[in-house]
Amino acid sequence: MAQVVEPRADRRLRRARAATLFSLATGIWASLLLPLVGLAREDDPTRVALGAVGIGAFAASQAAVLYAAVTPWLAQRWRHRAQWCLGVVALLTVPLVGPVAAGGWPTWAWLGASLIGMAPLLVRLPAALVVSGVTLAATVGVAVWTGGQVWRFVAVTAGVGVGVALVNGLQVWFWDLLVEARAGQAAQARLAAAEERLRFARDVHDVLGHSLTVIALKAELAARLAEVDAERAGREAAEVQGLAVAALAEVREAVHGYRAVDLGDQLAAVAGVLRSCGVRCTVLPPADDLPAAAASDLAAVLREAGTNVLRHSRAGWCRIEFVREDGMARMTVTNDGADDGGPDARSSGLRGLADRLGAAGGRLHVRREENLFTLEAIVPVAP
């Protein structure tokens with residue numbers, strides 16, 4: 001099975017899972033229809049009643065197993081319980097369903113075909129072959145016991161069972177691929193964020209490492225000289241102060257450089273991450289280059305907006321548009337993930353950005369319209 005993820009929080013995976021369940025459920029009804037033909041051909045009311053109980057129990061346990069096959073968040077113990085329940089019910093169907101329409105219709109053989117069809121979904125290939133062999137042996141036994149044609153029972157169980165196994169296996173295989181792909185996209189987004197944090201950490205280390213080492217040594221020297229040479233200790237302390245001020249300036253410069261990411265680079269990075277995570281991203285870049293201050297402010301908003309799309313919503317598409325007019329530059333980021341919850345105007349990230357834009361004479365707006373979430377940032381630019 002695929003890596004455990006949370007498809008319940010992803011609309012596209014929810015739709016894919018619903019389609020897979022519907023397809024598998026169609027196979028269940030197909031496997032029930034032909035055994036019901038045997039009930040219609042049975043004249044003994046007792047056998048009809050017992051057969052109906054057996055077929056109903058088999059269908060219910062089959063549905064539970066197939067549901068578990070496409071439910072990654074289900075606890076493993078429930079998967080095992082569903083599988084054991086199916087095994088017990090399959091054994092009970094032999095005496096309950098086997099005599100139904102004895103000699104005239106291979107009623108139990110159709111249940112055997114369903115059992116073989118599900119075997120690859122429950123266990124690995126070697127064990128699935130063992131299950132298939134045991135099921136074929138049971139089919140032969142039921143045919144001999146009820147006076148049916150052995151070749152007919154075997155043909156139904158083996159032929160139809162292999163076909164069902166291929167169809168079910170293909171469907172669940174595609175589902176597993178989707179889950180793994182989404183898990184990989186999420187991991188890629190986390191890796192990109194982690195690499196950016198590491199880059200910033202390296203920059204801060206490079207800036208502070210040498211300065212702090214020198215400060216520590218000079219502070220230690222000043223402490224030793226305090227009692228024997230106060231004048232020199234004072235000079236050392238003054239140098240420590242100067243080094244600290246210089247280090248602080250370097251840190252501020254590094255942080256400013258980190259925040260003042262080039263708008264074009266930030267736009268390409270956000271669009272690339274969104275697309276790698278399956279979000280259709282449309283970008284309408286600014287027609288002209290923006291002033292450095294305005295570009296830096298919009299890049300910070302864009303970074304936060306991209307983070308919100310990935311973290312707080314399950315958007316299927318996102319549109320990023322820039323418009324420059326009347327001495328103002330407007331950036332609008334819209335996505336269709338508002339119905340899954342998300343940030344609002346009071347969230348800490350957006351509040352900090354609103355303060356930053358306000359200090360520069362700009363403003364930040366957030367709107368929700370049905371399932372649309374729109375973030376609009378406006379900053380002044382020189383004409």
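1. Two residues are in contact when heavy atoms of theirs lie within 4.5 Å. By that rule V48 touches L39 and E42, leaving out residues up to four places away in sequence. The structure is a predicted model, and the points below should be read with that in mind.

2. The protein chain has 383 residues, of which 38% count as buried. It holds 10 helices and five strands. Among contacts between residues at least 6 apart in sequence, 72% join residues at least 24 apart.

3. V48 is a useful place to begin looking at the helices. This residue lies in helix α2, which covers residues 45-69. Is V48 buried, partly exposed or exposed? Its relative accessible area is 26%; because buried means under 20% and exposed means over 50%, V48 counts as partly exposed. V48 is also 9.5 Å from P99, C-alpha to C-alpha, although the two are 51 residues apart in sequence.

4. The next points concern helix packing. Two packed helices are described by the angle between their axes and the distance between the axes. For α2 and α3 the angle is about 160° and the axes are 9 Å apart. An angle over 145 degrees counts as roughly antiparallel, so α2 is roughly antiparallel to α3. The crossing of these two helices is left-handed. The residues of their contact divide into 15 nonpolar, six polar and two charged.

5. Helix α3 (residues 76-97) also packs against helix α4 (residues 107-122): their axes come within 11 Å and cross at roughly 165°. How are α3 and α4 directed relative to each other? They are roughly antiparallel, and their crossing is left-handed. On the α3 side the contact is made by Q83, L86, A90, T93, V94 and V97. On the α4 side the residues are T107, W108, L111, L115, M118 and L122. Nine of the residues in this contact are nonpolar, three are polar and none is charged.

6. Helices α2 and α4 pack as well, at an angle of about 20° with their axes 11 Å apart. Angles under 35 degrees count as roughly parallel, and therefore α2 is roughly parallel to α4. Here, too, the crossing is left-handed. From α2 the contact takes in I55, F58, Q62, V65 and L66. From α4 it takes in L111, S114, L115, M118, L121 and L122. The contact of α2 with α4 has nine nonpolar residues, two polar ones and no charged ones.

7. The strands come next. Strands of a sheet pair through backbone hydrogen bonds, either parallel or antiparallel. In what order do the five strands of the open sheet stand? The order is β1-β2-β3-β5-β4, and the pairing is mixed. The edge strands are β1 and β4 (363-369), each of which pairs on one side only. From one strand to the next, the twist averages 10°.

8. The parallel part of this mixed pairing can be seen at β1 and β2. Strand β1 (residues 280-284) and strand β2 (residues 317-325) are joined in the parallel sense by five bridges. One residue to look for is R280, whose bridge partner in β2 is W317.

9. Strand β2 runs antiparallel to strand β3 (residues 328-335), with eight bridges between them. In this pair E321 stands opposite T332 of β3. The two strands form a hairpin with two residues between them. In the turn, D326 has a positive phi of about 55°.

10. Strand β3 has a second partner in β5 (residues 372-380), and these strands pair in the antiparallel sense over eight bridges. M328 has P380 of β5 as its bridge partner.

11. T332 gives a view of the sheet from a single residue. It lies in strand β3. Why does T332 count as buried? Its relative accessibility is 17%, and the cut-off for buried is under 20%. Apart from neighbours within four places in sequence, T332 is in contact with R319, I320, E321, T374, L375 and E376. R319, I320 and E321 fall within the residues 317-325 of β2. T374, L375 and E376 fall within the residues 372-380 of β5.

Terms used. Residues numbered from 1 in each chain as written. Predicted model: local features only at pLDDT ≥ 70, side-chain atom pairs only at ≥ 80, totals over all residues. Heavy atoms only, no water. Axes fitted to C-alpha atoms, helices over the stretch in contact; angles between N-to-C directions. Helix = DSSP H or I, 4+ residues; strand = E, 2+ residues; numbered from the N terminus. Parallel < 35°, antiparallel > 145°, perpendicular 65-115°, else oblique. Left-handed = near helix turned anticlockwise from the far one by under 90°. Nonpolar A, V, L, I, M, F, W, Y, C, P; charged D, E, K, R; others polar. Buried < 20%, exposed > 50% of the residue type's maximum accessible area, 1.4 Å probe, protein only. Pairing = 2+ DSSP bridges.
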